[in-house]
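The questions and answers below explain the terms applied to a protein. Please look at the sequence and the structure before reading on.

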Amino acid sequence: MSEPAEEHARSEDQDLVSRAASGDEGAFRALYRVHVRPVYWIAHGILGSAVDAEDVAQETFVVAWRKLPGLQLHSASILPWLATICRFQAANRLRQRRRDQAHTTDAVDERLAATVSVEDQVISAELAGRITAEIGTLSALDQEIFRLCATEGFAYQAAADELGISHSAVRNRLSRVRTQLRGAVDEEVRDA
C-alpha cells in the first residue's frame, strides 16, 4: 500500500471510530464490514470451529460497541484493539467449553487414548524441541511474524499492521518459515 493510501486508510478508521463512539450506527457498520473477516479468522484460529468463531466475532463487536465511547485510539487502526477483545472472548468461550465438559457426567473425550505411550511422548518432546530450536534460528522479524500468526492467530493484515510491514511481506515470510519448519520436522521424523 502506498504512503498516501495508508494515511487515508488510517484517517478513515480514526474518523469511523470517532463517529461510532458518538453513536453513529452507520459508522460502526462500516467498521464492522472492514474488520469482521480478520476478527473472524483470529477467533477461528483460537477456537478451531467456524460456528464458535462466528459467535465470538459477533460478541467482539457487541463489546466494541459498548466500549467505543471510552476508547482513545492511539494507532491508525482499530484492528489491534478488536483483536484483543476477540482473544478475550475466545478465551472465555474455551473456558466455558471446559466447564461444560467437566460438569457433564456422560461426556467422555473419545480422543484420549486408553493408554499412554512413553515412546510417543518422547518422540513428541524431541519434535517439539527440534521445532523450538529451528524457530530460534529465525531472524527476529520472522520469529515475531511466526508468533503473531501461528501462535496468537493474527490474520496477515493484522500482523502487518502490528509490525509496520506489508501484508505480502508477512505472507511471504511466514510461508518461508513454515517451509523451513516442515523441513526440520521431516528431518526429525526420518531420524526417528
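The following turns take up the terms one by one.

Q: What kind of model is this, and how are residues numbered?
A: This is a predicted model, in which local features need pLDDT of at least 70 and side-chain atom pairs count only at pLDDT 80 or more, while totals for chains, interfaces and linings use all residues. Residues are numbered from 1 along each chain as its sequence is written, and side-chain values use heavy atoms, with hydrogens and water left out.

Q: How many helices and strands does the protein have?
A: The protein has eight helices and zero strands. Helices are DSSP runs of H or I with at least four residues, strands are runs of E with at least two, and both are numbered from the N terminus. Along the sequence the pattern reads α-α-α-α-α-α-α-α.

Q: Why are α3 and α4 called oblique to each other?
A: Helix α3 (residues 50-67) and helix α4 (residues 79-102) pack at about 125°, with axes 9 Å apart. Axes are lines fitted to C-alpha atoms, for helices over the stretch in contact, and angles run from 0 to 180 degrees between N-to-C directions. Angles under 35 degrees count as roughly parallel, over 145 as roughly antiparallel, 65 to 115 as roughly perpendicular, and the rest as oblique. The helices α3 and α4 are therefore oblique to each other.

Q: What makes residues of α3 and α4 count as meeting?
A: Contact means heavy atoms within 4.5 Å. Among the residues that meet are Asp-52 and Phe-61 in α3, and Trp-81 and Arg-93 in α4. The residues of this contact of α3 with α4 comprise nine nonpolar, two polar and six charged. Here Ala, Val, Leu, Ile, Met, Phe, Trp, Tyr, Cys and Pro count as nonpolar, Asp, Glu, Lys and Arg as charged, and the others, Gly among them, as polar.

Q: What makes α2 oblique to α3?
A: The axes of helix α2 (residues 25-47) and α3 come within 8 Å and cross at roughly 140°. That makes α2 oblique to α3. The contact includes Phe-28 and Tyr-32 of α2 and Ala-57 and Trp-65 of α3. The residues of the contact of α2 with α3 divide into 15 nonpolar, four polar and three charged.

Q: Why does Val-34 count as buried, exposed or partly exposed?
A: Val-34 is found in helix α2. Buried means under 20% relative accessible area, exposed over 50%, and partly exposed in between (1.4 Å probe, protein chains only). At 48% relative accessibility, Val-34 therefore counts as partly exposed.
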